[in-house]
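Me: Got a minute to go through a model with me? I'd like to start with one strand and see where that leads.

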Amino acid sequence: MSFLQSWPEPIVRVQSLSESGIRKIPDHFIKPPSDRSFNITDTKTTSINVPLIDLENLNSPNEFVRKETIDGISNACREWGFFQVANHGVSHELMEKTRAVWHEFFQLSLEEKQKFANSPVTYEGYGSRIGTEVGAKLDWCDYFFLHYLPEALRDENKWPRLPILCRKLVLEYGQELVKLSKRLTKILSIGLGLKEDYIHQSFGGNNETSACLRANFYPKCPQPDLTHGLSPHSDPGGITLLLPDTDIPGLQIRHRNNWLTVNPIPNAFIVNIGDQVQVLSNAIYKSVEHRVIVNSKKDRLSLAFFYNPGGDKLIKPAHQLVTNDCPALYSPMTFNEYRSFIRTKGLTGKCQIESLKSPR
């Protein structure tokens with residue numbers, strides 16, 4: 001893939017803008033009226049509980065309970081594209097420590113964070129924009145992005161050296177989320193009537209499957225109704241495991257043409273389907289458009305772990321799911337080819353996955 005070696009415009013850190021005390025956000029953060037979110041002051045009428053799955057039930061001696069759990073995840077992938085998992089096997093203490101260490105990172109001096117400033121070549125490091133189009137409307141968010149898998153791409157020297165425990169915790173957290181991701185892809189495969197390792201092998205198996213972590217920091221915003229923390233998009237990869245901020249609502253999903261705010265459950269992960277699983281499932285499972293709103297009084301932080309195909313893996317609908325009545329909806333494309341669109345255009349709803357559809 002070929003990208004600009006540097007950002008096309010000067011980078012201004014959103015956290016610095018927020019902490020400067022400005023009362024109006026710069027024009028390049030203001031979304032067109034038709035695209036704006038709104039500032040939620042009362043979440044009772046707008047918030048929802050996406051399906052909550054207790055993964056401990058998969059260990060039940062009762063076959064009906066195990067099947068009901070798998071069916072629950074499969075139905076959530078078809079209807080919502082999102083679900084939450086509890087009793088997932090990841091230590092709650094590890095989750096809290098990892099979240100806390102990223103909070104500490106974003107409170108470091110700008111000089112320290114700038115040592116890890118990223119570029120559009122790989123996006124690895126400390127960043128404040130997605131996409132390289134000049135004059136694009138930007139999101140109210142700073143982030144840190146890093147590669148976890150495959151190991152050949154993992155470079156811990158590119159991870160924050162401060163706080164002291166950051167690299168150690170990221171390594172441990174990544175190990176646990178890879179295990180959980182593998183477990184979930186088995187369930188997703190079974191729910192499609194495929195062999196349990198179908199998605200895992202399609203992603204590249206143990207040697208080529210990729211994974212990355214993005215720590216999102218959404219500073220408080222003086223005009224939250226005019227912008228987004230993240231613009232509407234569907235995730236380009238396989239599956240996403242989100243550790244949200246449980247104190248402040250932020251994630252919204254598009255469900256039946258309505259934007260609904262997700263109520264995060266403490267100690268649960270929010271899981272969503274990415275575009276590559278939508279392609280593999282021939283659109284039986286849905287990658288759903290979602291966005292992030294910001295808050296006028298409080299900062300927010302979330303950790304998104306992306307479990308994806310290897311960059312060179314050719315992704316196409318599973319042949320078992322292609323019939324005369326249900327022909328293949330998507331043309332084959334490698335994951336690298338697919339995500340190059342995002343790196344150039346930024347977050348643009350579902351237009352990339354829709355553009356892949358084969359002519360019928």
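**Strand E13 and the cavity**

Reply: Both faces of E13 are covered, with Arg300, Ser302, Ala304, Phe306 and Asn308 buried on one side and Leu301, Leu303, Phe305 and Tyr307 buried on the other. Buried means under 20% relative accessible area, exposed over 50%, and partly exposed in between, using a 1.4 Å probe and protein chains only. Strands (E, at least two residues) and helices (H or I, at least four) are DSSP runs numbered from the N terminus.

Me: Before I go on, what kind of model is this, predicted or not?

Reply: This is a predicted model: local features need pLDDT of at least 70, side-chain atom pairs count only at pLDDT 80 or more, and totals for chains, interfaces and linings use all residues. Residues are numbered from 1 along each chain as its sequence is written, and side-chain values use heavy atoms, with hydrogens and water left out.

Me: OK. How many bridges join E6 to E13?

Reply: There are 9, and E6 and E13 run antiparallel. Strands count as paired if DSSP finds at least two bridges between them. Cysteine 212 sits opposite phenylalanine 306 of E13.

Me: And E8, in what sense does that pair with E13?

Reply: Antiparallel, over 5 bridges. Leucine 241 has phenylalanine 305 in E13 as its bridge partner.

Me: Switching to empty space: how many cavities of 30 Å³ or more are there?

Reply: The count is 3. On a 1 Å grid over the protein atoms alone, a cavity is a set of points where a 1.4 Å probe fits but cannot get out, and lining residues have an atom within 4 Å of a point. Points are joined across faces, edges and corners, and a volume is the space filled by probe spheres set on them.

Me: What volume does the largest cavity have, and which residues are closest to its centre?

Reply: About 590 Å³. Of the 33 residues lining the largest cavity, Ile130, Arg214, Asp235, Pro236 and Phe306 are the closest to its centre.

Me: Which strand gives the most to that lining?

Reply: E13, with 5 residues. The lining as a whole divides into 19 nonpolar, 9 polar and 5 charged residues.

Me: New topic, helix H2. Which residues are buried there?

Reply: In H2, Thr69, Ile70, Ile73, Ser74, Ala76 and Cys77 are buried. They cover an arc of only 160° around the axis, so they lie on the same side of H2; the arc is that of the directions from the helix axis to the C-beta atoms.

Me: Which residues are exposed on the other side of H2?

Reply: Phe64 and Lys67.

Key:
On a 1 Å grid over the protein atoms alone, a cavity is a set of points where a 1.4 Å probe fits but cannot get out, and a pocket is an open set with protein on both sides within 12 Å along at least five of seven lines; lining residues have an atom within 4 Å of a point. Ala, Val, Leu, Ile, Met, Phe, Trp, Tyr, Cys and Pro count as nonpolar, Asp, Glu, Lys and Arg as charged, and the others, Gly among them, as polar.
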